[in-house]
Amino acid sequence: MPSRFRFRVWDKTKKEMVEDVGIFEDSAVIWWKGEDALTEDIGTDVEIMQDTGLKDKNGKVIWEGDILHCEAAKKEARSIVFWSEDWARFRARIIGRKEGAVDAYATLRNWKQQKVEVIGNVWEHPLLLTR
């Protein structure tokens, strides 16, 4: 049975995404290839992302840091997925809206799955962050 808490990391040094990582309480990161733990140290220069537990209209897992293409009320927008400490849930910030504005954020669970598509992430596809 797959774990509900899945993580991946963006290795800032190697500029690559590393899937299937374990996060330990001392902030150490280890990763697996199949059943074997790899001995290579990923280091501390990484961005840790968690699986939101949601999927897009194509069945693709939505991760923290993903960039989504969304359709709502006959409008289209791109947004960035993040964990909100204030709301204690994953939310999305609409790209191009002023940070902190009431209409700049949405709760992922409120969106209809068939209207959301993962189009990239903030580390591998930074050009998607521009309007």
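Student: As I understand the term, two strands pair if DSSP finds at least two bridges between them. In which order do the five strands of the open sheet come here?

Tutor: Please keep in mind that this is a predicted model. In this model, the five strands of the open sheet follow the order E10-E9-E8-E7-E11, and their pairing is antiparallel.

Student: Which ones are the edge strands?

Tutor: Strand E10, residues 105-107, and strand E11, residues 116-121, are the edge strands. Each of them pairs on one side only.

Student: And by how many degrees are neighbouring strands turned against each other?

Tutor: On average, neighbouring strands of this sheet are turned by 35° against each other, with direction ignored.

Student: What holds paired strands together in general?

Tutor: Strands of a sheet pair through backbone hydrogen bonds, and the pairing may be parallel or antiparallel.

Student: Back to this sheet, then. How many bridges join E7 to E11?

Tutor: Strand E7, residues 66-72, is joined to E11 by five bridges, and the two run antiparallel. You can locate two of the positions in the structure. Isoleucine 67 stands opposite glycine 120 in E11, and histidine 69 has glutamate 117 in E11 as its bridge partner.

Student: How many bridges join E7 to E8?

Tutor: Six bridges join E7 to strand E8, which covers residues 75-84, and this pair also runs antiparallel. Here glutamate 71 stands opposite glutamate 76 in E8.

Student: Let me step back to the whole chain. How many helices and strands does the protein chain have?

Tutor: The protein chain has zero helices and 11 strands. Read from the N terminus, its elements therefore appear as β-β-β-β-β-β-β-β-β-β-β, each being a DSSP run.

Student: What share of the residues is buried?

Tutor: Of the 131 residues in the protein chain, 34% are buried. The chain exposes about 8900 Å², and carbon and sulfur atoms supply 49% of that area.

Student: What about contacts between residues far apart in the sequence? What share do they account for?

Tutor: Among contacts with a separation of 6 or more, 47% are between residues 24 or more positions apart.

Student: New topic: charged side chains. How many salt bridges does the structure hold?

Tutor: The structure holds three salt bridges. As a general point, side chains of opposite charge can pair when their charged atoms come close.

Student: Which residue forms a salt bridge with aspartate 51?

Tutor: Its partner is arginine 6, and their closest N and O atoms are 3.3 Å apart. This pair links distant parts of the chain, 45 residues apart: aspartate 51 belongs to strand E5 (residues 46-55), and arginine 6 to the segment before strand E1 (7-11).

Student: Is aspartate 51 buried or exposed?

Tutor: Aspartate 51 counts as buried because its relative accessibility is 8%, and buried means under 20%. Arginine 6, at 31% relative accessibility, counts as partly exposed.

Student: Which side chain meets arginine 8 in a salt bridge?

Tutor: Arginine 8 meets aspartate 66, at 2.8 Å from N to O. Distant parts of the chain are linked here too, since arginine 8 is in strand E1 and aspartate 66 in strand E7, 58 residues apart. Both are buried: arginine 8 has a relative accessible area of 7%, and aspartate 66 is at 3% relative accessibility.

Student: And what does lysine 12 form a salt bridge with?

Tutor: Lysine 12 forms one with glutamate 47, the closest N and O atoms being 3.0 Å apart. Lysine 12 lies in the loop between E1 and strand E2 (16-23), glutamate 47 lies in strand E5, and they are 35 residues apart. Lysine 12 counts as partly exposed at 32% relative accessibility, and glutamate 47 is partly exposed with a relative accessible area of 28%.

Student: I also clicked on alanine 104. Where does it lie?

Tutor: Alanine 104 lies in the loop between strand E9 (89-94) and E10. Alanine 104 is buried, with a relative accessible area of 0%.

Student: Which residues is alanine 104 in contact with, leaving aside neighbours within four places in sequence?

Tutor: Those contacts are Ala92, Arg93, Ile94, Arg97 and Lys98. In addition, alanine 104 and serine 79 are 25 residues apart in sequence and 9.1 Å apart in space, C-alpha to C-alpha.

Student: One last thing. Which element has the lowest mean pLDDT?

Tutor: Strand E4, residues 36-37, has the lowest mean pLDDT at 54, and E11 has the highest at 94. The protein chain averages 79, and 73% of the residues score at least 70.

Conventions
Residues are numbered from 1 along each chain as its sequence is written. This is a predicted model: local features need pLDDT of at least 70, side-chain atom pairs count only at pLDDT 80 or more; totals for chains, interfaces and linings use all residues. Side-chain values use heavy atoms; hydrogens and water are left out. Helices (H or I, at least four residues) and strands (E, at least two) are DSSP runs, numbered from the N terminus. Axes are lines fitted to C-alpha atoms, for helices over the stretch in contact, and angles run from 0 to 180 degrees between N-to-C directions. Buried means under 20% relative accessible area, exposed over 50%, partly exposed in between (1.4 Å probe, protein chains only). Contact means heavy atoms within 4.5 Å. Accessible areas come from the Shrake-Rupley method with a 1.4 Å probe; for residues, only the protein chains shown count as cover. A salt bridge is a side-chain nitrogen of Lys or Arg within 4 Å of a carboxyl oxygen of Asp or Glu. pLDDT is the predictor's confidence in each residue, from 0 to 100.
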